[in-house]
Amino acid sequence: MSHTSSRQLPDKDDTPTAEDPTPTALPERQPAEDGHRDDAHRDDEEAAQADTEPDAGEATAAEDTATGASAAQDTAKPGDASTADGTPEADDAPETAPGPEAAAEAEAGAGAEATPDTSAVPETDPDPAVPDPSTPDPSTPDAATPDAATPDPAASDPDTPDPAASDSAPARPGWRGRHPDAARVLAWTATGIAVALVLFALLVPNDLARFTPSRFVRIPAEGILGAALLLVLPPKPRRILAVVGGVGLGLLTILKFLDMGFYWSLERPFDLVLDWVLLDDAESFLKDSIGGGGALAVMIGAIALAVAVIALMTWSVVRLTRLMASRRHFAGRTLLVLGTAWMTCSVLTLEVAGVPVASRSAATLLENRAHAVRAGIKDGQAFARQASVDAFADTPSDQLLTGLRGKDVIFAFIESYGRSAIDDPAMTEPINETLTAKTKELNDAGYSSQSAWLRSPVAGAGSWLAHSTFLSGLWIKNQQRYRNLTSGNRMTLTEAFRRTDAWRTVGIMPGVTRAWPEGKFFGLDHIYDSRELGYQGPKFSWSPVPDQYSLAAFERLEHGKKHSKPLMSEIILTSSHNPWAPIPKTIPEDQVGDGSVYDAIHDAGKDPKEVWKDPAKVRDEYRKAIQYSVTSLVDYVAKHGNKNTVLVFLGDHQPNRTVTGDKAGRDVPIAIVAHDQGVLDRISDWGWTDGLKPASDAPEWRMDTFRDRFLTAYGPEPTS
């Protein structure tokens with residue numbers, strides 16, 4: 001808080017009158033010490049008034065009240081012996097001008113009895129050259145001889161306003177004037193909040209995994225340099241820069257919040273160039289998960305939060321700037337101490353809980369993001385160069401996939417089926433039991449299987465990017481690449497089957513709930529989305545259709561029918577999609593029907609809002625969802641497959657961090673199942689693990705390398 005020097009109001013005896021026209025001397029103003037003294041003086045007064053002093057109206061009210069009481073006493077009858085409190089009058093209004101001796105005596109008496117009044121601090125001293133309208137004019141008969149029988153209320157009660165000044169009576173003192181202690185506490189509290197907000201913006205990490213108390217005991221270099229710059233600027237540029245800096249801090253905080261969400265869901269920071277389109281997908285996800293009303297409420301809340309963050313950060317910086325300007329020397333010494341401490345900690349590499357005390361994390365974040373923006377702008381050109389290289393672009397159709405001719409090939413993606421489901425100690429035992437049991441089930445049905453790992457370009461979400469990477473042989477890591485891919489002519493795995501004219505190609509896409517024009521790019525003769533599967537049951541959170549029903553519909557609509565060509569099918573299984581509650585249950589196939597049987601299963605399932613209160617419950621429900629999806633797929637193949645069935649199934653990406661923790665990679669399991677052993681013999685040199693559970697040391701390939709390996713393995717046999 002700032003404090004200003006108090007100036008005394010003139011006592012009623014010192015008030016200039018017609019008899020004493022000499023003005024009260026004002027203290028001489030000290031000369032400016034430097035070129036910015038006058039500007040700093042004005043800033044000091046503004047900051048002082050904001051923190052501690054009553055406003056101008058309050059000071060004027062106190063001054064006028066004192067003046068009014070003095071004037072009222074001066075109008076009392078000359079014969080009165082005392083004031084209302086019994087104190088003898090110091091000065092009576094004379095009928096005629098006093099002589100020199102009387103004037104000297106009056107002046108001596110006034111000097112002995114006058115007591116300074118410091119209860120009010122006016123902005124300026126009254127101008128003695130201007131007569132006070134409340135002071136009676138001795139030349140006026142009414143003022144010289146007031147009615148002695150009618151006492152003046154103003155003379156007996158100092159709190160009663162003078163009727164003569166009633167037309168211009170000021171308002172009562174404001175809240176700060178009546179409660180100075182409370183105002184002082186509030187001012188300090190506001191300053192503390194402003195400091196905390198600025199430090200939070202500069203020090204908070206952009207990844208919840210690094211959100212620890214030690215992050216907030218650092219010294220931010222950006223804060224020291226910014227404060228020093230504000231301190232040396234002239235007033236007007238300083239005010240402008242304070243506002244700009246506050247808005248910038250607000251935007252930085254919003255960016256960190258976005259990064260937190262993207263790290264939690266996608267294991268990467270928000271891309272300022274390429275990720276804005278994903279906000280629309282997030283809105284669609286919310287509508288599917290919690291309904292249109294809930295999604296609207298979330299969006300309104302997010303916008304309100306963004307506006308509040310910018311406003312609060314701007315207020316904080318402006319307030320602290322005014323405070324520094326009013327305490328220029330103290331602020332300068334403080335910044336010098338903090339700067340020295342920062343340099344010392346930096347040179348000595350001092351740390352708290354493994355975190356450097358000397359911080360420049362905000363500057364580093366902005367520097368990295370600037371590089372990312374430049375890379376994002378250039379990413380389109382880089383991707384175009386990569387897409388132009390295709391080893392199979394000119395391969396004749398009669399030489400494509402010759403090793404699979406006559407086979408019914410199924411490519412199945414299991415949503416969020418990641419390596420953590422197999423390796424995480426909290427899930428490994430039940431998942432491994434399921435994989436072991438299903439491997440045996442396939443073996444009993446005459447199938448063999450091998451498995452390994454693929455590294456997905458995404459984690460937590462972005463299934464379509466993983467599907468596109470697997471099928472196209474290109475690293476589709478963002479939406480811009482996806483759009484460039486689907487608008488081009490790159491040959492995908494599914495398109496390769498269609499080009500041969502040896503297969504009918506179909507897609508079972510229960511997660512597609514509206515028109516999907518990109519589907520034509522993937523070379524599918526027909527796509528069955530959620531509207532064409534005939535499902536009449538409930539949604540299970542995000543998943544529109546249970547996996548068991550999707551496979552039953554595939555059997556009814558395509559696989560169970562006679563065709564002139566074998567089938568190549570792409571099937572997306574969505575029951576293991578976040579939030580993993582409620583989860584469908586496996587039921588006898590003859591009870592599936594139109595899906596209405598799932599109403600009771602859905603109602604008996606768990607509420608996702610309750611599940612997500614406990615990460616352990618989330619992991620447990622995720623594990624159950626993976627078991628359900630794997631069981632549904634293997635049971636279908638074991639029952640409806642034949643000697644020509646070839647199944648390739650894999651996860652698209654890892655689940656989010658609530659399940660995986662902070663240090664999980666992006667690997668997903670992949671398995672190839674075939675009744676014909678010759679199919680697996682063609683990949684014998686891949687070094688994959690027998691069975692559906694890949695070994696920990698099984699090969700780990702990037703997902704974009706699979707297309708070329710697969711087309712090579714099942715292409716024409718090399719001639720000797």
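**Salt bridges, cis peptides and backbone outliers**

User: How far apart are the closest N and O atoms in the salt bridge of Arg-623 with Asp-620?

Analyst: In this predicted model, Arg-623 and Asp-620 are three residues apart in helix 21, so about one helical turn separates them. Arg-623 and Asp-620 form a salt bridge, and the closest N and O atoms are separated by 2.4 Å.

User: Is Arg-623 buried, partly exposed or exposed?

Analyst: Its partner Asp-620 has a relative accessible area of 27% and is therefore partly exposed. For Arg-623 the relative accessibility is 16%, and the limit for the lowest class is under 20%. Arg-623 therefore counts as buried.

User: Which residue meets Lys-624 in a salt bridge?

Analyst: The partner also lies in helix 21, three residues from Lys-624, which is about one turn of the helix. The N to O distance of the pair is 3.4 Å. Lys-624 is partly exposed at 31% relative accessibility, whereas its partner is buried at 5%. The side chain that meets Lys-624 is that of Glu-621.

User: How many residues apart are Glu-589 and Lys-639, which link distant parts of the chain?

Analyst: Glu-589 and Lys-639 form a salt bridge whose closest N and O atoms are 3.0 Å apart. Glu-589 belongs to the loop between strand 9 (567-573) and helix 19 (598-604), while Lys-639 belongs to helix 21 (residues 615-640). Along the chain, their separation in residues is 50.

User: Is Lys-639 buried, partly exposed or exposed?

Analyst: Its partner Glu-589 has a relative accessible area of 34% and is partly exposed. Lys-639 has a relative accessible area of 55%, and the upper class requires over 50%. Lys-639 is therefore exposed.

User: Which residues are linked with Arg-419 in a network of salt bridges?

Analyst: The structure holds 30 salt bridges. Some of the charged residues form a network, in which Arg-419 is linked with Asp-423, Arg-455, Asp-667 and Glu-700.

User: Where are Pro-579 and Pro-582 found?

Analyst: A cis peptide bond joins Asn-578 and Pro-579, with omega about 20 degrees. Another cis peptide bond joins Ala-581 and Pro-582, with omega about -10 degrees. Pro-579 is found in the loop between strand 9 and helix 19, and Pro-582 is likewise in the loop between strand 9 and helix 19.

User: What is the phi of Glu-267?

Analyst: Glu-267 is placed in the loop between helix 9 (235-266) and helix 10. Its relative accessibility of 18% means that Glu-267 counts as buried. Although Glu-267 is not a glycine, its phi is positive, at about 60 degrees.

User: What relative accessible area does Leu-401 have?

Analyst: Leu-401 is a residue other than glycine with a positive phi, near 55 degrees. The loop between helix 12 (361-387) and strand 5 (408-414) contains Leu-401. Leu-401 is buried, and its relative accessible area is 0%.

User: What is the area of the nonpolar surface patch that includes Leu-279?

Analyst: Leu-279 lies in helix 10 (residues 277-326). Patch members need over 30% relative accessible area, and Leu-279 is partly exposed at 39%. With Leu-272, Val-273, Trp-276 and Ile-377, Leu-279 makes a nonpolar surface patch of about 440 Å².

How values were computed:
Residues are numbered from 1 along each chain as its sequence is written. This is a predicted model: local features need pLDDT of at least 70, side-chain atom pairs count only at pLDDT 80 or more; totals for chains, interfaces and linings use all residues. Side-chain values use heavy atoms; hydrogens and water are left out. Patches are made of residues with over 30% relative accessible area and no salt bridge: like charges are joined within 9 Å, nonpolar side chains (Val, Leu, Ile, Met, Phe, Trp, Tyr) within 5 Å. Accessible areas come from the Shrake-Rupley method with a 1.4 Å probe; for residues, only the protein chains shown count as cover. A salt bridge is a side-chain nitrogen of Lys or Arg within 4 Å of a carboxyl oxygen of Asp or Glu. Helices (H or I, at least four residues) and strands (E, at least two) are DSSP runs, numbered from the N terminus. Buried means under 20% relative accessible area, exposed over 50%, partly exposed in between (1.4 Å probe, protein chains only).
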